[in-house]
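Let's take a walk through this structure together, starting from its inside and working towards the charged pairs. Have the sequence and the 3D view ready.

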Amino acid sequence: MATAPDFEALGCPFIHPDDMPVVYAMHAYGNCMEPMLPDDCVLAFDKRQTPEVGDIVSVIFTAEVARRWKLPGLVKKLAMSLPPLDGWSDAVGLIVVDQINPHRRYCIPTTDVLAVHKFVGEAQNVGPGMARYHPQAKEA
């Protein structure tokens, strides 16, 4: 099974979601979402779209959690509707996501997460720091 590389060891700085473009691309490492998403594919996400149950999502961790787990976040399938990520001062919600290979469910406290963004299509590198994405076909 492929493992995700240590993003800090690779020289990848933590990027806050507010500093990301509205539509952004990133590499997905590992085979945990195969056969849907292959290892080392490039994926595009849109911050404007609201993720729904069954969507592939990018879960962006807080800087502290990213350092602790040596991962900026996860790419998984949303298993339950998202709780509010803000506005709850005394309550902690859970973000529930699934991986495909092998099937595993993760429950992530909202306090560990800065954002959840919807997958909008596969992308391809077109130059240093640049990618072009191809929107997903709509299912009938």
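Which residues form one aromatic cluster? They are Tyr24, Phe45 and Phe119. Please keep in mind that this is a predicted model.

A search of the whole structure turns up two aromatic pairs. In one of them, the ring centres of Tyr24 and Phe45 are 5.7 Å apart and the planes meet at 25 degrees, so this pair is stacked. Tyr24 sits in strand E1 (residues 23-28) and Phe45 in strand E2 (residues 41-46), so to follow the pair you link distant parts of the chain, 21 residues apart. Both partners are hidden from solvent: Tyr24 is buried at a relative accessible area of 8%, and Phe45 is buried at 0%.

From here it is a short step to the nonpolar interior. The largest nonpolar core has 14 residues, and Phe45 and Phe119 are among those with the most contacts inside it, along with Leu37, Leu43, Ile56 and Val75. Strands E1, E2, E3 (56-61) and E7 (113-127) each contribute at least two residues to this core, with E2 giving the largest share, three residues. A second, separate core has 12 residues, including Val57, Val97, Val113 and Val116. Back in the largest core, take a look around Ile56: leaving aside residues up to four places away in sequence, its contacts include Met33, Leu37, Val75, His117 and Phe119.

Lys118 also touches Ile56, and it brings us to the charged pairs. The structure holds four salt bridges. In one of them, the side chains of Asp55 and Lys118 meet at 3.5 Å, N to O. Asp55 belongs to the loop between E2 and E3 while Lys118 is in strand E7, so this salt bridge ties together parts that are 63 residues apart in sequence. Both of these residues are buried.

Compare that with helix H1 (residues 63-69), where Glu64 and Arg68 are four residues apart, about one helical turn. Their side chains form a salt bridge at 3.7 Å, N to O; Glu64 is exposed at 54% relative accessibility, and Arg68 is partly exposed at 49%. Another salt bridge joins Asp98 and Arg105, with the closest N and O atoms 2.7 Å apart. Here Asp98 is buried at 12%, whereas Arg105 is partly exposed at 47%.

Finally, what about the cysteines? The count of disulfides is zero. For Cys41, the closest cysteine sulfur is that of Cys32, 9.8 Å away, which is too far for a bond. Cys41 is buried, at 7% relative accessibility, while Cys107 is partly exposed at 47%.

Definitions and conventions: Residues are numbered from 1 along each chain as its sequence is written. This is a predicted model: local features need pLDDT of at least 70, side-chain atom pairs count only at pLDDT 80 or more; totals for chains, interfaces and linings use all residues. Side-chain values use heavy atoms; hydrogens and water are left out. A disulfide is a pair of cysteine sulfur atoms within 2.5 Å. Buried means under 20% relative accessible area, exposed over 50%, partly exposed in between (1.4 Å probe, protein chains only). Rings of Phe, Tyr and Trp (its six-membered ring) pair if their centres lie within 6.5 Å; planes under 30 degrees apart count as stacked, over 60 as edge-to-face and the rest as tilted. A nonpolar core is a set of buried Ala, Val, Leu, Ile, Met, Phe, Trp, Tyr and Cys residues joined through side-chain atoms within 4.5 Å. Contact means heavy atoms within 4.5 Å.
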